[in-house]
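Subject: Structure for your review

Dear colleague,

Please find below the structure that I am handing over to you. My findings follow it.

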Amino acid sequence: MATRGGGSQSYGFPIYCAAWLPLAHILKPDPPAAEADADASSSSSSSSPSSPSPPMAVLGGGGGEGRSGVPNKLVVAALAAGEEAAPAALSPETVVEVKTREEVPYRMAVHPRGDGVFCAFPNGCRLYRWESQEGEGPQKLALEPDREALAELKDVGLQLSVSFSGEGSILAIGGEDGHLRVFKWPAMASVLTETDTKTSIKDLTISSDDKFLAVNRSSGPCRVWDLQSSEVVASLPREAGEIFGFCRFCNKTDNSHVLFITAMQGDYGKIVSWNTTSWTRIGSKKITREAISAFAVSPNGALLAIGTIEGSTIIVGSKDMRTLVTVKKAHLGIVTTLAFSQDSRTLLSTSFDSTARVTYVGSPKSNGAVCRFFLFYDMFAELKGVTVVTIPKSNTTRVPSSAVHYG
């Protein structure tokens with residue numbers, strides 16, 4: 001598996017879904033030194049302390065049904081530091097690899113408190129549990145299917161969007177058949193359900209305070225549900241010619257929220273923002289002339305990222321929608337997933353071309369570090385196809401077929 005430059009790594013199978021791992025909730029720490037024998041303690045005292053595990057991501061995908069020769073699987077890979085001035089990339093050596101037989105993982109949601117990886121397959125859903133031995137090394141990690149969990153979701157068909165709430169207490173899934181299901185986790189008690197056989201669910205998102213659920217369908221407005229009352233509280237209309245795609249809630253510095261929705265309007269892909277008190281449209285910005293195939297918001301709320309069907313990735317500031325980083329042809333195929341790391345410094349993108357790419361966006365607390373990174377890359381922009389715009393201080397201090405949809 002050769003590195004293909006620009007922080008990109010190939011894994012030999014089309015990648016449909018990906019997410020960073022909450023390692024603090026997954027890996028078991030080393031046992032206290034007091035529990036070790038005298039010799040081990042003496043030996044360890046003379047050696048340097050072990051370094052923390054690098055960030056890791058789980059990737060899912062494959063060749064689908066049939067005899068394509070491309071396996072369906074989940075893999076976990078660790079972030080490997082780049083040599084000298086080269087950008088970092090995921091390691092070509094996987095930490096965990098789980099074959100999923102004839103079923104390709106189309107969508108996934110990693111539980112934020114370490115309960116496992118929720119996967120949506122063509123015919124239903126399955127939960128994979130983490131198994132971790134003591135120690136922080138990547139080799140201590142394993143992923144195993146929980147065959148007794150999610151019995152009620154075994155045969156629900158393809159789910160096009162799956163998501164846990166920020167604390168992991170709510171699970172929401174939306175199907176190709178138009179069925180919306182929301183559960184309390186892990187009890188799987190129903191919070192709400194809605195069936196609309198005339199549309200498919202494109203995307204859904206839960207606000208960080210677990211209060212609202214926004215749902216985009218293949219046609220019509222974006223509907224917002226109050227998860228306490230299980231009632232629709234807003235129906236956000238489209239402007240003429242708009243087709244809604246992805247939706248994400250974003251935290252503001254005052255702990256309020258903004259709802260961002262991607263839309264295609266004519267030849268342009270745009271991002272629309274909505275006030276979550278009055279549910280009025282407060283902003284709209286055309287970002288690209290390529291169809292949008294993936295969307296993400298950074299955990300600190302400062303950055304938005306879109307991926308396109310042409311393989312490009314674009315990062316913009318959430319406050320003013322100013323374009324900060326554009327990576328043309330980051331992938332040779334459709335961008336299928338975007339995910340910011342927990343510290344908001346790194347963007348992971350994946351594609352049908354079997355690659356996972358890491359784009360470093362700098363520290364949200366250090367404008368100088370960000371500027372130095374961008375100045376270095378600006379020297380190679382023409383060769384690498386990367387357009388770079390320095391992030392202003394005001395931003396950084398705040399800071400498969402039916403399974404694919406655009407907008």
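The notes below take the backbone first and then the strands.

Please bear in mind throughout that this is a predicted model.

**Backbone geometry in the loops**

Most residues other than glycine have a negative phi, and most peptide bonds are trans. Several places in this chain depart from that pattern, and two of them lie in one loop. The peptide bond from W185 to P186 is cis, its omega being near 5 degrees. P186 belongs to the loop between β12 (179-184) and β13 (190-195). M188 is also found in the loop between β12 and β13. Although M188 is not a glycine, its phi is positive, at about 65 degrees. Is M188 buried or exposed? With a relative accessible area of 11%, M188 is buried, because the cut-off for that class is under 20%.

A positive phi is found again at S230, where the value is near 60 degrees in a residue other than glycine. S230 sits in the loop that connects β16 (222-226) with β17 (231-236). Its relative accessibility is 24%, so S230 counts as partly exposed.

**Two hairpins with buried strands**

The hairpin of β10 and β11 may be described from its strands to its turn. Strand β10 (residues 159-164) is mostly covered, with six of its six residues buried. Its pairing with strand β11 (residues 170-175) is antiparallel and extends over five bridges. Within this pair, F164 stands opposite L171 in β11. Five residues lie between the strands of the hairpin, and G168 takes a positive phi near 80 degrees there.

The hairpin of β22 and β23 can be read in a similar order. In strand β22 (residues 292-297), six of the six residues are buried, so the strand is largely enclosed by the rest of the structure. β22 is joined by five bridges to strand β23 (residues 303-308), and the two run antiparallel. A296 has A305 in β23 as its bridge partner. Which residue takes a positive phi in the hairpin of β22 and β23? It is G301, with a value near 80 degrees, in a hairpin that has five residues between the strands.

**An open four-stranded sheet**

Strands of a sheet pair through backbone hydrogen bonds, either parallel or antiparallel. One open sheet of four strands in this model has the order β1-β28-β27-β26, and its pairing is antiparallel. At the edges stand β1 (8-10) and β26 (335-340); each has a single partner strand, so one side of each is left without a neighbour in the sheet. From one strand to the next, the twist averages 15 degrees. Strands β27 (residues 346-351) and β28 (residues 355-360) pair in the antiparallel sense over five bridges. One residue pair may serve to locate this contact: L348 has V358 in β28 as its bridge partner.

**A contact across the sequence**

A final point concerns P92, which is placed in strand β5 (residues 89-99). The C-alpha atoms of P92 and Q9 are separated by 6.5 Å, while the two residues are 83 residues apart along the chain. The relative accessibility of P92 is 27%, so P92 counts as partly exposed.

With kind regards

Definitions and conventions:
Residues are numbered from 1 along each chain as its sequence is written. This is a predicted model: local features need pLDDT of at least 70, side-chain atom pairs count only at pLDDT 80 or more; totals for chains, interfaces and linings use all residues. Side-chain values use heavy atoms; hydrogens and water are left out. Buried means under 20% relative accessible area, exposed over 50%, partly exposed in between (1.4 Å probe, protein chains only). Two strands pair if DSSP finds at least two bridges between them. Axes are lines fitted to C-alpha atoms, for helices over the stretch in contact, and angles run from 0 to 180 degrees between N-to-C directions.
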